[in-house]
Each structure stands twice: as structure tokens, then as C-alpha cells.
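Here is a set of short exercises to work through with the model open beside you. Try each task before you read its solution.

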Amino acid sequence: MRIDSMLNGFMKKFSGKKSSKETAKKRLQFALVYDKLEINEMTLENLQKDIVEVISRYFEIDTKSLQLEVQREHELSALVFNTPILCVKKNRGYSGNNT
Amino acid sequence: MEGKIIVVTSGKGGVGKTTATASIGAALALEGNRVAVIDMDIGLRNLDVVLGLENRIVFNIVDVVNKRCNLSQALIRDRRIDNLFLVPASQSDNKDVLTTLGVQRVAKQLKSEFNYVIMDSPAGIEKGFENSVVAADEAIVICTPDVSSVRDADRVIGLLYARSITPRLVVNRIVPEMVARGDMLSHEDVMDVLSIDLLGLVPMDDQVVVSTNTGMPLVMHNQSMAGQAFRRIARRINGEADLPILVPSVRTGMWNRITQKLGLNR
């Protein structure tokens, strides 16, 4: 049993094959990163509300045609926010509340 | 008395939560503590059979929480191990029957009567999990060295941190021969991936099935490797924080080596 497993390890080292645990660890690490990037609907909605609120202090935007999405490529995730700007607000202020 | 409530959880099912709860609970009692183990897996109870106490159930945790009986009426005393008690789950209800408020009330009473209260959480991260962790002071996360179990453990660890509980990890069912030839994640690999402290390492052990068959607590078998590992885990919980963690290894004793060479090994 043990000699057998040693032989196995030996063969693997020389044949240059990766051990299955290396594959397991890599897959696991990627899975955990991607799991954490997953954003639930509620969070996305709240984020959109907050972004709209901030942008609306400075610009008049078309809230109906805006888009917020998470785009994923190989090892990067990007938050993409698309909105048509209707006009720039003149009295853009610091206080935010009454603009 | 102001005891500690420890929840045993994993996310994934079938990784050894119930065996771990029974073993750690029994081992803590053998160390001289007053211990209650609580089966929180409402509707799918099993801690009673693992401990061999299934014939003595009258009341259960749902009865206690919903005030159909006193706590003392639902506590089943283990006759083999002094100071070990079980509160079984109900087999007929579902997990929504308990409220977190009710569980907290009973937990407070348990804490005042026991040194350690070990909660066996159900699989999953829904209501049953909530009820199991709501009163917990500490948490033990169990995982096996495979991708799906470690992934689920990571999720559960995140949920525990969100509740300000710092969990500790037990890696269960380690097969040293497979780790040695690179076909199983080692505990170092698991620790690299998860952000958590290690509480113990438990080897794969046929004796677990045997002791579940007979209902005799694993930690009472002196020759059981898994039983010994759980006893060391219990000692670590019980104040011996510096007790070294043994890594399950391929048996390399002189006699073993000789018998293996001669092909005499089982």
C-alpha cells in the first residue's frame, strides 16, 4: 500500500504531471475569489440609488435609461455605469441636500 | 455558573458535524466538565443515535423552546460518561418552528447550568443555521479536505465573522497516504485558502463507522485515531491552548515498516 503510493508519487514527479491536489487548490482559490465578487440584487439596487443621488447633485441625468452592471473578464471585474447626461446643473454645491 | 456556548457548523452536509459534536462534547465531559450537547437539526435528528441515546427520548429542544416542558425534563443524562447530557432535536417539526428569541432564552438557562454547551448545527445557511449561531460564544467550523467542503466552509466563516464570532477550524477525514502522494489537499493548503485559526486535525478512521454502529462515543475507544484527535481538540478548548496540533501521518513506526515490507499489514 505504502510502497505503491510512493511509487505513484515517484512516477508523477518524473512524468511531470501535476498532482490532483494542486489542481484542487487552484480551482478552490479561483472559486472563492469569484464567489466573493458575486453581488446580490439588493446591493446592486442600493448602489444604483446612491450613485444616482450623488450624480444628480451635479448633472441632470436620465434615470430611466441608466445602466449599472458588473462586467467580468479573466481576472478583473469592472463596475460599469452608463447614463446619458441631460444638462449640467448650475448651482452645484457642496451641501448636496438642497441642490 | 457562566458556561460557554460553542456551535459546530460547516455549511456542507456530511462532513462530520454530528460526530464532532458528540466526540468533543463527550471528551469535554471526560475532562471533568458539565456538558450539554444540543441537536439543532430539527426534523433530521441524529445526535441521539450517534451517542446511543435514541431509546430514552421523551422531550426535545422544540418542546423546551416552546415551553411545553422544562429544560430539565428534556435533558438526557449519559449513563456511561458522567456529566454529559443531550437535548435531542424534534423529528416531526421543521426548522421554522424555532424562533431566535426562544433559542436565546433557553441558551441563557443552559449557560447557567453547564460549563460547555455544544450546538450541532444543521447543514445549510438558512433558518436552522441562524438558530444555532444566535447564542454562540464560539464556533467550530468542520471541513474535509475537498474542494466543495472548503468552499462551503469559507462561506460559513464569512457569515460567522459578520456576527462577530471568530471561528476555529477542524479539518476532518484526512487520509495521510493521499496527502503524501499529492492527491488530497493538505491542512496547509486548506489554511492557505481560508482565513481562520486551526483547532485540530482529524484523520480518516474506520472506527467512526463502528462507533456510530454501536452508539458508543468515539472518544471512549482508546485505539481510535480520530477519537484521540477529538480528545486533544477538547483539551485545547478546555484551556490547554498550547497543546500541539498533531498532523496525521503515514504510519512509519519500526514495526509497521517491517510488516509493510513483508506484506503482513492489514
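## Exercise 1: A helix of chain A

None of the 16 residues of H3(A) is buried, so this helix lies largely in the open. Here "buried" means that 20 or more other C-beta atoms lie within 10 Å of a residue's own, "exposed" means 12 or fewer, and "partly exposed" is in between, with C-beta atoms placed from the backbone. Helices (H or I, at least four residues) and strands (E, at least two) are DSSP runs, numbered from the N terminus.

Before going on, note that this is a predicted model: local features need pLDDT of at least 70, side-chain atom pairs count only at pLDDT 80 or more, and totals for chains, interfaces and linings use all residues. Residues are numbered from 1 along each chain as its sequence is written, while chains are lettered from A and ligands numbered from 1 in the order in which they are written.

**Task.** Compare the expected span of H3(A) with the distance between its end C-alpha atoms.

**Solution.**
- Step 1: H3(A) covers residues 41–56.
- Step 2: The expected span is 1.5 Å times one less than the number of residues, which gives 22 Å for this helix.
- Step 3: The end C-alpha atoms of H3(A) are 22 Å apart, which agrees.

## Exercise 2: The two chains

**Task.** Describe each chain by its elements, its buried share and its contacts. Two residues are in contact if their C-beta atoms, placed from the backbone, lie within 7 Å.

**Solution.**
- Step 1: Chain A has three helices and four strands, in the order α-α-α-β-β-β-β from the N terminus.
- Step 2: Of its 99 residues, 3% count as buried.
- Step 3: In chain A, 44% of the contacts with a separation of 6 or more come from residues 24 or more positions apart.
- Step 4: Chain B has twelve helices and eight strands, and 49% of its 266 residues count as buried.
- Step 5: For chain B, 76% of the contacts between residues at least 6 apart in sequence join residues at least 24 apart.
- Step 6: The radius of gyration of chain B, taken over C-alpha atoms, is 18 Å, which agrees with the value near 18 Å for a compact globule of 266 residues. The globule rule is 2.2 Å times the number of residues to the power 0.38.

## Exercise 3: The sheet of chain B

**Task.** In what order do the strands of the open sheet lie, and which partners does S5(B) have? Two strands pair if DSSP finds at least two bridges between them.

**Solution.**
- Step 1: The eight strands follow the order S3-S4-S2-S5-S1-S6-S7-S8, with mixed pairing.
- Step 2: The edge strands are S3(B) and S8(B), and each pairs on one side only.
- Step 3: S5(B) runs parallel to S1(B), joined by five bridges, with B:Lys4 opposite B:Tyr116.
- Step 4: S5(B) also pairs with S2(B) in the parallel sense over five bridges, and B:Ala36 stands opposite B:Val117.
- Step 5: All five residues of S5(B) are buried, so the strand is largely enclosed by the rest of the structure. B:Tyr116, B:Ile118 and B:Asp120 point one way, while B:Val117 and B:Met119 point the other way.
- Step 6: Further along, five bridges join S6(B) to S7(B), again in parallel, and B:Val141 has B:Leu169 as its bridge partner.

## Exercise 4: Helix H11 of chain B

**Task.** Is H11(B) largely enclosed or largely in the open, and what does it pack against?

**Solution.**
- Step 1: Ten of the 13 residues of H11(B) are buried, so the helix is largely enclosed by the rest of the structure. B:Met225 and B:Phe230 are among them.
- Step 2: Those buried residues pack against H1, S7, S8 and H10 of chain B.
- Step 3: B:Phe230 touches, among others, B:Ala20, B:Ile24, B:Val202 and B:Leu218, not counting residues up to four places away in sequence.
- Step 4: B:Phe230 is also one of the residues with the most contacts inside the largest nonpolar core, which has 82 residues. Such a core is a set of buried Ala, Val, Leu, Ile, Met, Phe, Trp, Tyr and Cys residues joined through C-beta atoms within 7 Å.
- Step 5: Just after H11(B), B:Gly239 takes a positive phi of about 100°.
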